[in-house]
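I opened my notebook to get to know a new structure, one lookup at a time. Come along and check each entry against the picture.

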Amino acid sequence: MGRLRAARAAQERLIANAAHELKTPLGLMRTEMDLALRKERPASELREALLEARREVDRLAALASRLLDLAALGGVAWVPAHADLALLVREAAEVAEAEATRRRVRLAVEVPDEAQAQVEALTLRQAVDNLLANALRFAPQGSTVTLSLDTDEARHRIRVRDAGPGVPEGEEEKIFEPFYRGAGSREAGQGGAGLGLAIAREIARKHGGQAFLAPGEAGRGATFVLEIPRG
């Protein structure tokens, strides 16, 4: 009963947070439209109002997509198949290279020649993409984000390390909660929906593994680890 109550409370929090996140861009869109319709305005001001509304539509679409991703994980047909994790990690880095260049951040990749595993490659790649996007969002210009893969007898570990502000003490687990907005949240004020880390952790769990923040010194960046069984 205790687990059921906790699950219900978590579900209610998710719904309430999602409603709040959806209301914000909708409110901004309505305000822009009300101001545009209040009196006759030149075409340039109307165009700016439309552009602002378009930005909020894009934000809503991205949020809806992330919510659907999170919901779909519960019902996805989990069919692990043979895959090369080293190749998967290199491909994720190649896709992220354009965003790294735009942010003037160097992306370093440290992987073995190959790392064979039984995984659901599509969702695992999504988890890696999410961790990379999170790191790039907080990496200072001129710094390096390192994506690495190592393997021991029992497990594979994918690490993403950045040189950003790090995660304040006490928030190591909270940042994996959907929509978490703490004073030091790595998503706060950075344009993220607060769902990327939650999705990465759920994907790791589906693989029988875990996603977590590695111990580090406050204010000296952050290293996120996605760990899955080798079998």
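Before anything else, I noted a term: pLDDT is the predictor's confidence in each residue, on a scale from 0 to 100. I need it here because this is a predicted model.

**Entry 1: confidence.** I looked up the average first, and the protein comes out at a pLDDT of 82. At least 70 is reached by 81% of the residues. Which element has the lowest confidence, and which the highest? Helix H1 (residues 2-38) is lowest with a mean of 69, while strand S2 (residues 106-110) is highest at 97. I also marked residues 186-191, where pLDDT stays under 50. The model has 20 contacts beyond four places in sequence for that stretch. I keep a caution beside this entry: where pLDDT is low, the predicted coordinates should not be read in detail.

**Entry 2: helix H3.** I turned to helix H3, which runs over residues 85-102. How far apart are its end C-alpha atoms? I found 26 Å, and this agrees with the 26 Å that its 18 residues should span at 1.5 Å a residue. Still, I noted a kink of about 40 degrees in H3, centred on Ala96. Ala96 is also one of the buried residues of H3, and among the others are Leu85, Leu88, Val89 and Ala100. At the N-terminal end, Asp84 acts as the cap of H3, with a side-chain oxygen 3.0 Å from the backbone nitrogen of Ala86. After H3 comes Arg104, and I wrote down that its phi is positive, near 60 degrees.

**Entry 3: strand S7.** Next I followed strand S7, residues 222-229. Is S7 largely enclosed or largely open? Seven of its eight residues are buried, so the rest of the structure largely encloses S7. I then looked for its partners. Strand S5 (residues 155-162) pairs with S7 in the antiparallel sense, over eight bridges. Strand S6 (residues 210-213) is likewise antiparallel to S7, over four bridges. Phe224 in S7 made a handy landmark for me: Val160 stands opposite Phe224, and so does Leu213.

**Entry 4: Ala49.** My last lookup was a single residue, Ala49, in helix H2 (residues 43-72). Is Ala49 buried or exposed? Its relative accessible area is 12%, and buried means under 20%, so Ala49 counts as buried. What does it touch beyond its neighbours within four places in sequence? I found Ala49 in contact with Glu32 and Ala36. I also noted Met33, 16 residues from Ala49 in sequence and 7.0 Å away in space, C-alpha to C-alpha.

Note on methods. Residues numbered from 1 in each chain as written. Predicted model: local features only at pLDDT ≥ 70, side-chain atom pairs only at ≥ 80, totals over all residues. Heavy atoms only, no water. Buried < 20%, exposed > 50% of the residue type's maximum accessible area, 1.4 Å probe, protein only. Helix = DSSP H or I, 4+ residues; strand = E, 2+ residues; numbered from the N terminus. Pairing = 2+ DSSP bridges. Expected span 1.5 Å × (residues − 1). Bend = angle between axes of the 7 residues up to and from the residue. Polar contact = N/O pair within 3.5 Å; in protein donor to acceptor, adjacent residues only side chain to side chain. Contact = heavy atoms within 4.5 Å.
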